[in-house]
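Me: I'd like to learn how to read a protein model feature by feature. Could you walk me through this one?

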Amino acid sequence: MRYEGEKLPNLLEMSDKVVYLGTFSKVLAPGLRLGYIIADEDITRHLQMTKEGVDLHSNNLTQRAVCEFLSRNLLPEHILKLREVYGARRHAMIHALERWLGEEVEMVVPTGGLFLWAKLRHVAMSIWRLLSGKMCSMCLELCFIRMGASLRRCV
């Protein structure tokens, strides 16, 4: 899912020694438990036997629906639509963080993908430190309130 910049090279085009694993959960439906592999036939045969030893088979209905979707060549148009939707959401997230947190947030905004990295500059204690220090319970709620140019942490 790339929103800007030049197209990156496809790993499959760069070498014949690539094992490409993917899932349909991000491009078709969240939580869709169906993946795929593009690799040498010997590798795929070995992985198929390994998978059969673990869970016998993926859901037949899911496989059939995805197969139908792909055979109708609907994926390229669907991905273009996703880029538009997720691109707008990405832009809204960046705009909201800049508007409401301004200089209090440091962001790394990648040219593609579904995530961005944001770091609050004046927050002394991370959630990980809270969890590892056993300072929180199941109902811990962290909130950050904008007060002028600084953030105040309240627990």
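Me: At the start of H2, which backbone nitrogen does a side-chain oxygen of Asp40 reach?

Reply: Happy to help, and keep in mind that this is a predicted model. To read the start of a helix, look for a side-chain oxygen that points at a backbone nitrogen. Here, a side-chain oxygen of Asp40 comes to within 3.0 Å of the backbone nitrogen of Asp42. The start of H3 can be read likewise: a side-chain oxygen of Asn59 reaches to within 2.9 Å of the backbone nitrogen of Leu61.

Me: And just after H2, which residue takes a positive phi?

Reply: For the other end of a helix, check the backbone angles. Just after H2, Leu56 has a positive phi of about 65°. Just after H3, Asn73 takes a positive phi of about 55°.

Me: How many residues does H3 have, and what should they span?

Reply: The idea is to compare an expected length with the one in the model. The expected span is 1.5 Å times one less than the number of residues. H3, residues 60–71, has 12 residues and should therefore span 16 Å; its end C-alpha atoms are 16 Å apart, which agrees. H2 has 15 residues and reaches 21 Å from its first C-alpha to its last, close to the 21 Å expected.

Me: Stepping back, how many helices and strands are there in the protein chain?

Reply: Count the elements, then read their order. The protein chain has five helices and six strands. From the N terminus on, they run α-β-β-α-α-α-β-β-α-β-β. Two further numbers describe the chain as a whole. Of its 155 residues, 12% are buried. Among contacts between residues at least 6 apart in sequence, 38% join residues at least 24 apart.

Me: Is Glu106 buried, partly exposed or exposed?

Reply: Compare the relative accessible area with two cut-offs: under 20% is buried and over 50% is exposed, with partly exposed in between. Glu106 has a relative accessible area of 38%, so Glu106 is partly exposed. This residue lies in strand E3, residues 105–108.

Me: Which residues is Glu106 in contact with, leaving aside its neighbours within four places in sequence?

Reply: Setting those neighbours aside shows what the fold brings together. Glu106 is in contact with Trp117, Ala118, Lys119 and Arg121. For a C-alpha distance, take Glu106 and Leu120: they are 14 residues apart along the chain, and their C-alpha atoms are separated by 6.3 Å.

Me: Now the pockets. What volume does the largest pocket have?

Reply: For a pocket, read the volume, then the lining. The largest pocket has a volume of about 950 Å³. It is lined by 25 residues, and the closest to its centre are Met1, Tyr20, Tyr36, Ile79 and Arg83. H1, E1, E2 and H4 each supply at least two lining residues, and E1 gives the largest share, four residues. By class, this lining has 15 nonpolar, five polar and five charged residues.

Me: Which element supplies the largest share of the lining of the second largest pocket?

Reply: The approach carries over. H2 supplies the largest share there, five residues, while E2 and H2 each supply at least two. The second largest pocket holds about 570 Å³ of space. Of its 15 lining residues, Gly35, Tyr36, Ile37, Lys51 and Ser58 lie nearest the centre. The classes in this lining are six nonpolar, six polar and three charged.

Notes
Residues numbered from 1 in each chain as written. Predicted model: local features only at pLDDT ≥ 70, side-chain atom pairs only at ≥ 80, totals over all residues. Heavy atoms only, no water. 1 Å grid on protein atoms, 1.4 Å probe; cavity = no way out; pocket = protein on both sides within 12 Å on 5 of 7 lines; lining within 4 Å. Points joined across faces, edges and corners; volume = space filled by probe spheres on them. Nonpolar A, V, L, I, M, F, W, Y, C, P; charged D, E, K, R; others polar. Polar contact = N/O pair within 3.5 Å; in protein donor to acceptor, adjacent residues only side chain to side chain. Buried < 20%, exposed > 50% of the residue type's maximum accessible area, 1.4 Å probe, protein only. Contact = heavy atoms within 4.5 Å.
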